[in-house]
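Let's take a friendly walk through a protein model, going from its surface to its interior. Keep the structure open beside you as you read.

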Amino acid sequence: MKFNVILACGGSGTRCNLGYNKLLLNVNGVPLLEKTVNLFNLDDISQIIISYNKNDIDAVKKIVEGRDNIVLCEGGETRTQSISNALKFIEKDCDFVIIHDGARCFLPKHSLANAMLDAEKYGNSVLYVDSVDSLRVKDGNSSRPIERNSVIRIQTPQIFKTKEIIEAYALADGKSFSDDATLYEEYINKPIHLTYGSEDNIKITTPSDCEKINGGLLIGNGWDTHRLDFGRKLILGGVQIPHDKGLVAHSDGDVLIHAIMDSLLCAMHERDIGVLFPDTDEKYKDISSVKLLEEVLKLIKAKGLAIHSVSAVIMAQKPKLSPHIPTIQYNLANIMSIEENRVSISATTTEKLGIAGREEGISVSSIATLYQL
Ligand code: MG
């Protein structure tokens, strides 16, 4: 079966109070609209028509740049008008039209798959979820309860046979409807088939929705090992630790900061410090790793991110690091401008086993979490 998608993106999304269209909101590094478009990268879907708001044409063009299965179509005054405009671009040989809200970027794959299967089986499919709240009907200043189980909430996608939805819209002749199922039911004498959707399939509508979607943390993992030798200073977390050996490196060998930097870079999907600060570059020779960390912090800020927390384990047989941990944590929190309780460093020996155990070197494992500002 061949499907086309229409994304209803004609609104201005002003209820989110962002000062710009919510469809352009950064959702963990990707514009919301791009995230929605990506939901439909499926073999059965041959074309996606985006019914956009004309004020956002430049931003929308940039998002879909290089994709050859996308058609842009100017939206109308109402949702119904926007869909009506988009229907003119449907491929003639397409069997079904999937109509979806541009602001529902969290549609789970299985919900879309279920809806497509049901549409093939029953002729159409409309996603819904149960009502979890108790419900009342307002009547002037009073209200009365209604049975919760008798009410469901309708979502998108809503999928219809191409011929039928085109016919329904032609008959509607510009009359406005809140969703396509209502319009379809009004003009096509066939029942709507309901397919159970998902609570995750929210429509980003309010400022609180916008805050929530970037509430997730980005997590990154980092690891580093350096060789111990005489005649070097031992520096961990920017703090000099008294010891007869230090770590050998192109920089000052601060293996703790190196692992932390790699976890921070990993959390923001950047390449590791070896790529960022190559040890073949003379300008990094004997450089304080604090300076390198400051560069990474600048990158975090430039991406609109902030550090949530950092946790690292130092593996060293000697020296005994426990007395130095509070100073290291304090120093790192200061450098990263975060609360001290967001930096947790622990130290362990490796029971005289391996590189650390034989005192040949020190290893550090780090995990960092970032959040979107
Ligand atoms: Mg290193």
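## A patch on the surface

Ile-152 sits in strand β10, which covers residues 152-161. Keep in mind that this is a predicted model. Is Ile-152 buried, partly exposed or exposed? Its relative accessibility is 32%, so Ile-152 counts as partly exposed, since that label covers values between 20% and 50%.

Ile-152 also has company: together with Ile-154 and Leu-194, Ile-152 makes up a nonpolar patch on the surface. The accessible area of these three residues together is about 210 Å².

## A residue in a loop

Now turn to Asp-44, which you will find in the loop that runs between α1 (32-38) and β4 (45-52). Asp-44 has a relative accessibility of 37%, and therefore counts as partly exposed.

Which residues does Asp-44 touch, if we leave out those up to four places away in sequence? They are Met-1, Lys-2, Phe-3 and Met-116. Try finding Cys-94 as well: Asp-44 and Cys-94 are 50 residues apart in sequence, while their C-alpha atoms are 10.0 Å apart in space.

## A buried threonine

Cys-94 leads us to another residue, Thr-162. The backbone oxygen of Cys-94 is 2.7 Å from a polar atom in the side chain of Thr-162. Thr-162 belongs to helix α5, made of residues 162-172.

Is Thr-162 buried or exposed? With a relative accessibility of 8%, Thr-162 counts as buried, because buried means under 20%. Not counting residues up to four places away in sequence, Thr-162 touches Ile-90, Cys-94, Asp-95, Phe-96 and Val-97.

## Two nonpolar cores

How many residues are in the largest nonpolar core? There are 46, and those with the most contacts inside this core are Leu-236, Leu-256, Leu-264, Met-336 and Ile-345. Several helices and strands each supply at least two of its residues, among them α8 (255-267), α10 (289-302), β16 (305-315) and α11 (325-336). The largest share comes from α8, with 9 residues.

Take Met-336 as an example. Setting aside neighbours within four places in sequence, Met-336 is in contact with Ile-260, Leu-293, Leu-297, Ile-307, Val-310 and Val-343. A second core, separate from this one, has 34 residues, including Phe-3, Leu-33, Leu-39 and Ile-98. You have met Phe-3 already, as one of the residues that Asp-44 touches.

Definitions and conventions
Residues numbered from 1 in each chain as written. Predicted model: local features only at pLDDT ≥ 70, side-chain atom pairs only at ≥ 80, totals over all residues. Heavy atoms only, no water. Patch = residues over 30% accessible without salt bridge, like charges linked within 9 Å, V, L, I, M, F, W, Y side chains within 5 Å. Areas by Shrake-Rupley, 256 points an atom, 1.4 Å probe, with all protein chains shown as cover. Salt bridge = Lys/Arg side-chain N within 4 Å of Asp/Glu carboxyl O. Helix = DSSP H or I, 4+ residues; strand = E, 2+ residues; numbered from the N terminus. Buried < 20%, exposed > 50% of the residue type's maximum accessible area, 1.4 Å probe, protein only. Contact = heavy atoms within 4.5 Å. Polar contact = N/O pair within 3.5 Å; in protein donor to acceptor, adjacent residues only side chain to side chain. Core = buried A, V, L, I, M, F, W, Y, C linked by side-chain atoms within 4.5 Å.
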